[in-house]
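Here is a short tour for anyone meeting this protein fresh. Take a look at the sequence and the 3D view, then read on.

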Amino acid sequence: MRIGVVGCGYWGSKHVRVLHGVQDVERVVAIDAAQERLLELKRSFPNMVLHRSLEAALPDVDAVIIATPPRTHVPLAMTAMFAGKGVLVEKPLATSGADAQRLVDASRSCDVTLMVGHTFEHNSAVWKLRDLVQGGELGQIHYLDSARLNLGLYQSDVNVIWDLAPHDVSIFNYILGSTPASVRAWGSRHAHRSLEDVAYLRLGYPDLGVTANIHVSWLDPCKVRRVTAVGSRRMVVYNDLSAEEPVRVFDKGVTPAEESGDAGKIPLSYRYGDISSPYLVAQEPLDVQDRHFVTCVREGTEPLTGGENGAAVVRVLEAAQISLAEDRPVVPTAGAVAGGAVRRLASAL
């Protein structure tokens, strides 16, 4: 197969590297309007084909990976799909629920693969997290919490919610096997005049009785990549920055005491036990993801992170954007009203 990578910046260049190690990929085609980026990649991969535009590259590729700014995802993906090419779009799939649904519909009408780059759903640590949550080892899930913080990188076309929160929304949907019915968001602008650089999201999964909290920031002195799941039996922390023990299971919690007539007595007891770190298969998630994409295009199978998966996450982000503007909880929807509201917000920035 011949795979094109559209957008060869920081993340696109990683796709180029990974694809060169995939046995079923005969040729990697780099596509970028910036000549200097192409020449830099050419020095590392001398046999690579270069193109300055997607249209020029289409005859040379069987499928494309789109790693460009979010607001360019829809037109580029549409161009590729209508040319009969399978497409992997980096997160977020689109910048509105309506546009995300357009991509899903187009992939079906063109009968081509549409996959979204939710890399953490191809991560062995997140697989383990899902097993622990859905296997009942943690007991009844009380809540989920995540923090994705760093100093930068500021984006030019989307705020911190659209940049960082797709990871955590994707992780939560995956490990719970559900999508939120309500979204509440708070955010603020500090170093940027028009884009929020710090935000908090609260997702409600009423079918499971679970609330999930997300904290994202471009303006924090510490780099944090952490997901916590708290259950009635055990608790687990996934620290993506820990190379040796990314997942740690804590056999600790709080046990409610029996009813007491003493109103001043704390009606609970604390339980402390062992801390364990399960074995995880050492695989680069991006490599797993890109190999899966190649297989899906070649065999015509549905990706694990297909278009509907990407659209579900976009609807949550869209609801968060509306909540941010209107200071209220919002139900995620793919309707035109919500999409139009986000477009109006974007045009006002």
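Let's start with His-292: leaving aside neighbours within four places in sequence, His-292 is in contact (heavy atoms within 4.5 Å) with Met-115, His-122, Pro-303 and Leu-304. This histidine sits in helix α8, residues 285-299; helices here are DSSP runs of H or I with at least four residues, strands are E runs of at least two, and both are numbered from the N terminus. With a relative accessible area of 19%, His-292 counts as buried, because buried means under 20%, exposed over 50%, and partly exposed in between (1.4 Å probe, protein chains only).

A word on the numbers: this is a predicted model, where local features need pLDDT of at least 70, side-chain atom pairs count only at pLDDT 80 or more, and totals for chains, interfaces and linings use all residues. Residues are numbered from 1 along each chain as its sequence is written, and side-chain values use heavy atoms, with hydrogens and water left out.

Helix α4 (residues 73-82) is mostly covered, with seven of its ten residues buried. Those seven are His-73, Val-74, Leu-76, Ala-77, Met-78, Ala-80 and Met-81. Here is what they pack against:

| Element | Residues |
|---|---|
| β1 | 2-6 |
| α3 | 54-57 |
| β4 | 63-66 |
| β5 | 86-90 |
| α5 | 97-110 |
| β6 | 114-117 |

After α4 comes Gly-84, with a positive phi near 85°.

Now for the inside. The largest nonpolar core (buried Ala, Val, Leu, Ile, Met, Phe, Trp, Tyr and Cys residues joined through side-chain atoms within 4.5 Å) has 74 residues, and Phe-172 and Leu-203 touch the most other members. Helix α7 (residues 160-176) gives the largest share of this core, ten residues. Apart from it lies another core of 21 residues, among them Val-25, Ala-63, Val-294 and Val-297. Beyond its neighbours within four places in sequence, Phe-172 has contacts that include Leu-144, Leu-203, Tyr-205 and Val-227.

How are the eight strands of the open sheet ordered? They run β8-β9-β10-β7-β11-β12-β13-β16, with mixed pairing; two strands pair if DSSP finds at least two bridges between them. β8 (182-188) and β16 (275-276) stand at the edges with a single partner strand each, so one side of each has no neighbour in the sheet. Further in, β12 (residues 235-239) and β13 (residues 247-250) pair antiparallel over four bridges, and Tyr-238 stands opposite Val-247 in β13.
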